[in-house]
Amino acid sequence: MDYKERYNEWLLFDDDTKQELLKITDEKEIEDRFYKDLAFGTGGMRGIMGAGPNRMNRYTISRATLGLANYLSDFPTPQKSVVIAYDSRNNSEDFAKCAAEVLAVKGITVYLFDKITPTPVLSFAVRHLGCIAGIVITASHNPKEYNGYKVYDENGCQLVPSLADKVIAHVQEITDYRAVPRLDFEVALQSGMIQMVGDEVLDAFLDALKTQALYTEPSKLKIVYTPLHGTGNIPVRRILKDYSVSVVKEQAVPDGDFSTVRSPNPEEKDALNLAIEQAKTEAADLVLGTDPDCDRVGIAVRHNGDYVLLTGNQVGALLADFVLRFKADTRNEKSTLVKTIVTNDLGANIGRKYGLQIVETLTGFKYIGDQINRYEKTGEKEFVMGYEESYGYLVGTHARDKDAVVASMLICEMTAYHKNNGKTLVDALEEIYKEYGYYLDALDSFVLQGIDGVQKMNAVLDALRARGASAFPDVETVQDFSEGIGDLPKENVLKYLFRNGSWLAVRPSGTEPKLKVYYSVRGESHEAAAEQLSALREQMKAVVEA
């Protein structure tokens with residue numbers, strides 16, 4: 001069935017769907033909505049909301065959930081339960097209830113949070129409630145047009161490919177979107193198949209976080225915090241109750257349109273503009289911003305009267321130095337720091353100095369969570385912390401996903417520690433650079449929409465593979481992860497290792513129509529690193545444009 005036939009089929013679904021589709025006059029948009037089914041990627045199922053199989057809507061949510069339910073039916077557990085959370089995005093609560101209705105009709109008990117809830121709390125809740133899976137409805141830091149659907153295993157870890165493939169196989173068996181059964185929500189509530197979850201799980205989550213506290217000395221630290229209209233407002237403020245915290249009121253209210261920002265992504269400078277302006281007025285030391293599902297956190301630090309934004313790699317390195325400094329009594333030969341292959345090596349080198357083992361995973365925090373699961377089963381290593389360059393950090397094993405709540409707590413403790421010693425985080429980072437070398441990092445995202453975009457991404461990667469080490473000057477090694485490296489799963493990633501310790505990595509995004517290029521440049525000085533970074537970015541831009 002071609003995309004036009006699928007479009008005509010969806011015109012018969014319901015009146016709202018029909019009216020939405022009839023308003024579309026752009027044939028390319030119709031093609032994009034119907035040429036494929038929305039698929040799982042590194043962050044689960046994520047896409048623009050709207051009608052069609054390549055969009056997020058009640059039909060695609062129902063189909064995915066029925067596939068998950070059929071997968072879970074093979075589990076030997078007699079009493080099966082799944083916990084569901086959702087963020088502040090438009091339609092998130094409706095999608096969560098839709099998923100709950102599908103699970104309920106299949107005889108699976110659902111624990112549904114009664115209010116917007118951070119992703120790391122969902123990860124914690126899976127094990128806390130004894131569930132065999134979890135679902136969170138979120139598109140993380142994506143623009144307002146997006147929503148998403150993440151599935152977690154019985155340990156609270158996002159599904160790794162070996163498990164996701166099994167779920168996908170069940171989903172693909174469902175060809176009739178309209179035939180997915182659901183149990184009416186109110187009927188399911190009355191029968192106990194759906195049970196609402198209140199604050200008790202969040203309370204237990206925060207209690208678990210408090211055991212990770214490392215520095216509790218009094219401090220005059222002043223903080224400005226923004227939840228960017230998302231789920232972080234209550235948990236982050238509760239975990240920081242002993243600090244002087246000022247919240248950006250305009251962004252404290254949940255808002256699926258994210259009306260005060262271009263995009264609710266703390267990786268982007270303008271997302272923290274309001275918070276920085278408030279911090280200037282209040283002479284705050286630190287600005288914190290969490291994304292809508294509160295699994296990522298971005299910061300700005302007051303330094304010499306100005307506010308300096310730090311990257312995910314920089315914060316990860318600072319946290320590694322701080323956490324490992326204060327965990328000296330608990331470190332042993334099994335202690336391990338886990339990072340992704342597109343995260344720079346500075347934090348890893350700090351970990352090595354403190355005697356930690358270093359493990360690299362593919363991109364996506366699910367791979368870090370999977371390492372925690374493995375260590376708990378085998379006892380071969382002990383997880384201390386994990387992080388990725390995209391502003392995701394985890395210290396402790398209360399969750400199996402990145403956690404902006406525990407990260408916010410530790411970032412504030414770290415800032416207070418350095419402030420009490422007469423330094424800012426910028427000063428502390430400069431000291432690290434002097435010891436380990438200067439690292440500069442960047443991410444370029446080339447947006448390539450639709451069928452043509454997929455073809456262009458493949459063409460770029462094919463061209464790079466054909467050129468091998470000659471694609472860029474001074475390449476020492478090319479790592480092609482599509483062929484499998486070590487015990488890592490195969491993934492469409494190319495990484496170029498340069499002779500001076502710098503590297504460049506290229507991969508298609510698993511959740512957006514983008515080709516992502518990661519740069520990590522190491523130099524003897526900031527100027528030398530900046531010059532090399534600029535040259536690499538221009539060379540990569542030429543490759544894509546060609």
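**Exercise 1. Helices H17 and H18**

Task: In this predicted model, determine at what angle the axes of helix H17 and helix H18 cross, and which residues of the two helices meet.

Solution.
1. Helix H17 covers residues 450–467 and helix H18 covers residues 526–545; their axes cross at roughly 120° and come within 9 Å.
2. An angle over 145 degrees would count as roughly antiparallel and one of 65 to 115 as roughly perpendicular. H17 is therefore oblique to H18.
3. On the H17 side, the contact is made by Lys456, Val460, Leu464 and Arg467, which meet Met540, Val543 and Val544 of H18.
4. Sorted by class, this contact holds 5 nonpolar and 2 charged residues, and no polar ones.

**Exercise 2. The sheet on which H18 packs**

Task: Establish the strand order of the sheet that H18 touches, and state which strands stand at its edges.

Solution.
1. The sheet is open and has 5 strands, in the order S17-S21-S20-S19-S18, with antiparallel pairing.
2. Strand S17 (438–447) and strand S18 (475–480) each have a single partner strand, so each is left with one side lacking a neighbour in the sheet.
3. From one strand to the next, the twist averages 10°.
4. Within the sheet, strand S19 (residues 494–498) pairs with strand S20 (residues 503–508) in the antiparallel sense over 4 bridges. Here Tyr496 stands opposite Leu504 of S20.
5. H18 packs on this sheet through contacts with S17, S19, S20 and strand S21 (514–523), and its direction makes about 20° with that of S17.

**Exercise 3. The mixed sheet and its helices**

Task: Describe the order and pairing of the sheet that contains S13, and identify the strands that helices H12 and H13 engage.

Solution.
1. The order S14-S13-S15-S16 defines an open sheet of 4 strands with mixed pairing.
2. Its edge strands, S14 (357–361) and S16 (392–395), each pair on one side only.
3. Neighbouring strands are turned against each other by 20° on average, direction ignored.
4. The pairing of strand S13 (residues 335–340) with S14 is parallel and extends over 5 bridges. Val338 has Val359 in S14 as its bridge partner.
5. Helix H12 (residues 312–326) packs on the sheet and touches S13, strand S15 (382–388) and S16; the directions of H12 and S15 make about 160°.
6. Helix H13 (residues 346–353) lies across S13, S14 and S15, at about 155° to S14.

**Exercise 4. Helices H12 and H15**

Task: Classify the packing of H12 with helix H15 by its angle, and describe the residues in contact.

Solution.
1. H12 packs with helix H15 (residues 404–420) at an angle of about 75°, the axes being 10 Å apart.
2. This angle makes H12 roughly perpendicular to H15.
3. H12 contributes Val315, Leu318, Leu319, Phe322, Val323, Arg325 and Phe326, while H15 contributes Leu410, Ile411, Glu413, Met414 and Tyr417.
4. The contact comprises 10 nonpolar and 2 charged residues, with no polar residue.

**Exercise 5. The protein as a whole**

Task: Decide how the radius of gyration of the protein stands against the globule rule, and describe its overall dimensions.

Solution.
1. The protein has 18 helices and 21 strands.
2. The radius of gyration is 23 Å, close to the 24 Å given by the globule rule for 546 residues, so the protein is as compact as a globular protein of that length.
3. The C-alpha trace spans about 65 × 55 × 50 Å along the principal axes.
4. Buried residues account for 59% of the 546 residues.
5. Among contacts between residues at least 6 apart in sequence, 68% join residues at least 24 apart.

Notes:
Residues numbered from 1 in each chain as written. Predicted model: local features only at pLDDT ≥ 70, side-chain atom pairs only at ≥ 80, totals over all residues. Heavy atoms only, no water. Pairing = 2+ DSSP bridges. Axes fitted to C-alpha atoms, helices over the stretch in contact; angles between N-to-C directions. Contact = heavy atoms within 4.5 Å. Parallel < 35°, antiparallel > 145°, perpendicular 65-115°, else oblique. Nonpolar A, V, L, I, M, F, W, Y, C, P; charged D, E, K, R; others polar. Rg over C-alpha atoms; globule rule 2.2 N^0.38 Å. Buried < 20%, exposed > 50% of the residue type's maximum accessible area, 1.4 Å probe, protein only.
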